[in-house]
Amino acid sequence: MAKEKEESVQISRRTTRSSATAYNNNGIESAKPNVSHTPTLDDLVFGQEPISLDDLLSSFPGRRVQILELLRLLGTINSSMPPLFIYGSASTGKTSIVLQIFRRLSRPFVYTSCLSCYSPRILFESILNQLLLHKKNAVNGYSSAKRCEKPSDFVNLLREALTNVIDSLKANLGKTSTTKLKGQVNGRMIYLIFDKFELVREWDKSSSILSFLFGLCDILKMAEVGVIFISNNSLDTYHSNTGYVEPIPVHFPEYTEDDLRQIFMRNQANRKLYSSFLDVVLRPFCRITRRVDELSTAFSMLFKKYCEPLNDLGVVPNEEMKRRLFSHLQPHVAPSLNERFRIASQPSLDCEVNQETRRKGSARKSGASGDLDEIDFHMSTSAKYLLISAFLASRNPATLDASLFDSTGGSDSRKRKRKASEKSIEQKEAAEQELLMKGPGTFSLERLLAIFQCITSVAEDLLGEEEEGNDKLGVELGSNTLMSDVLLQLTSLCNSNFIIKGGSCPLEGSTRYRSTVSEDLSLKVARSVKFPLSKYLYRR
């Protein structure tokens, strides 16, 4: 199963490369690390037997195009290559595929994750430790081989370490046998892999570090060195005032529903039984997420619940048995969606689970489902409300929040308004004209969360009135959405460029945000969750 992996800087390179395959669950046995092993150049390769191209392609359904493209860009043995930028959403197989490609090629590489290497010093020292074959342990006090904080010092130490490694690789070319051994170095190229590269933007002085890393190949000017960046964000999100040669982008799109089916059907003992299970749960969950790691966690528990009525797990289910298993699982699908992803699920999102019975419902629910299908992207309900909140925060003046988002949802705000003077009306019109000229305004995180809390509480009341007397498949919007999940959704919306992050306000000292979505898209998203956006939109 394709999945991203994170590394700890205190484990050996052989353990890192061996654990990657076991973690990916690709049906290939992982090699056990040797505790007393003395690091050599062979530790710069994956450490397992090379795999064939057919095995590599079959291990990652839906990634044939990306694998072949990466193999083409890496080129033949000892051929130089331009920097590569591999990007795509989380859990799309980027890291796993790159490591397995290097396993097939048996080429030496240095892997660093910006998740565990959370500062320039730790990143620099991690790269040097691997190149210098230095392993942190109790004997050396878990210290690095070289202490390096400045990029200039890192360049000098890196060039020296790379030169020594490349010279050793060239010397070993004539000594290698014609028979390829397990973990044997192939070629004289050395590759630097930077994973979770988007996290560098959160570091201090990130702009200078990003420019430095992007221009590392130009600085080193070593044809035997290749650089690969792996990121969840696209290349256009990394902008800098310093010029550098942009790397070649390779995009990993989200898995399709058919790809996910192939991934989860692999290594299943009873394929027909699991296929009937996926017929029930795959489509509803794909509306919320297409991350393999999240789906795998949710499906493992639901499949156990699905099989509870069976005495024999090897049975081939017929139509009657499928209906019985479906009826047993149905009450657990909607709670699992909410508990697993901490989002609010409306009945229109659950209609795929019980499609036949839902189609016999009211025309209003069918109309709501049709509005949802008009959106060309997949987004959770909490993310939709956060998107609406950001649009309102950018569109409405901050001074009107109290009147628009009061405890009664703004229904009685007009009755409580005092008669405005002519001077205040003129000031209001001038402020409105200035707002229109400036375009969407910026807002703070505190204001966004306040608006989000208000509109979700209003939506909760509307949903409660609509669902009164019907089956209770929905959940509370306001109370079931955790703050940590809201912040994660905000990060996802920023990464998708629905919301852009600006600079910090000198007076407030906090980061400012701005919504980039149009009013038409906001209204479409609002209709999909049955939220009266026009009621809370400030107009002249």
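Select Ile-193 in this predicted model. The residue belongs to strand β3, which covers residues 190-195. Its relative accessibility is 1%, and it therefore counts as buried, the limit being under 20%. Leaving out residues up to four places away in sequence, display the contacts of Ile-193: Val-98, Phe-102, Phe-109, Val-110, Tyr-111, Thr-112, Ile-228 and Ile-230. Add Ser-113 to the selection and place a C-alpha to C-alpha distance label on the pair: Ile-193 and Ser-113 lie 80 residues apart in sequence, and the label should read 8.3 Å.

Move next to Thr-112, one of the residues that Ile-193 touches. Thr-112 is part of strand β2, residues 109-113. Is this residue buried or exposed? With 2% relative accessibility, Thr-112 is classed as buried. Beyond its neighbours within four places in sequence, Thr-112 contacts Leu-123, Ser-126, Ile-127, Gln-130, Ile-193, Phe-194 and Asp-195.

Continue to the aromatic rings. The model holds 25 aromatic pairs. Select Phe-194 and Phe-229 as one of them: the ring centres are 5.6 Å apart and the planes meet at 20 degrees, so the pair is stacked, for which the planes must be under 30 degrees apart. The two rings connect distant parts of the chain, with Phe-194 in strand β3 and Phe-229 in strand β4 (residues 225-231), 35 residues apart. Both Phe-194 and Phe-229 are buried.

For an edge-to-face pair, select Phe-197 and Phe-214, whose centres are 5.3 Å apart and whose planes make an angle of 75 degrees. This pair also links distant parts of the chain: Phe-197 sits in the loop between β3 and α7 (206-214), Phe-214 in helix α7, and 17 residues separate them. Phe-197 is buried, at 0% relative accessibility, and Phe-214 is buried too, at 3%.

Now widen the selection to Phe-85, Tyr-87, Phe-194, Phe-197, Phe-214, Phe-229 and Tyr-238, which together form one aromatic cluster. Which residue lies over the face of Tyr-238? Arg-201 does, at 5.2 Å from the ring centre. For another such arrangement, select Arg-63 and Tyr-255: the charged end of Arg-63 sits over the ring of Tyr-255, 4.1 Å from its centre.

The next stop is the nonpolar interior. In soluble globular proteins, nonpolar side chains tend to be buried together. Here the largest nonpolar core comprises 44 residues, and Ile-127, Leu-131, Leu-158, Phe-194 and Phe-197 have the most contacts inside it. Colour the elements that give this core two or more residues: α5 (120-131), α6 (151-173), β3, α7, α8 (216-220) and β4. Which of these elements gives the most? Helix α6 does, with eight residues. Centre the view on Leu-131 to see contacts with Val-110, Leu-158, Ala-161, Leu-162, Val-165 and Ile-190, again without residues up to four places away in sequence. Another core of 34 residues lies apart from the largest one; select Ala-383, Leu-387, Ala-390 and Tyr-513 among its members.

End at helix α11, residues 292-306. At 1.5 Å a residue, its 15 residues should span 21 Å, and the C-alpha atoms at its ends are 20 Å apart, which agrees. Within α11, highlight the buried residues Val-292, Asp-293, Leu-295, Ala-298, Phe-299, Leu-302, Phe-303 and Tyr-306.

Technical notes: Residues are numbered from 1 along each chain as its sequence is written. This is a predicted model: local features need pLDDT of at least 70, side-chain atom pairs count only at pLDDT 80 or more; totals for chains, interfaces and linings use all residues. Side-chain values use heavy atoms; hydrogens and water are left out. Helices (H or I, at least four residues) and strands (E, at least two) are DSSP runs, numbered from the N terminus. The expected span of a helix is 1.5 Å times one less than its number of residues. Buried means under 20% relative accessible area, exposed over 50%, partly exposed in between (1.4 Å probe, protein chains only). Contact means heavy atoms within 4.5 Å. Rings of Phe, Tyr and Trp (its six-membered ring) pair if their centres lie within 6.5 Å; planes under 30 degrees apart count as stacked, over 60 as edge-to-face and the rest as tilted. A charge sits over a ring if NZ of Lys or CZ of Arg is within 6 Å of the ring centre and within 35 degrees of the ring normal. A nonpolar core is a set of buried Ala, Val, Leu, Ile, Met, Phe, Trp, Tyr and Cys residues joined through side-chain atoms within 4.5 Å.
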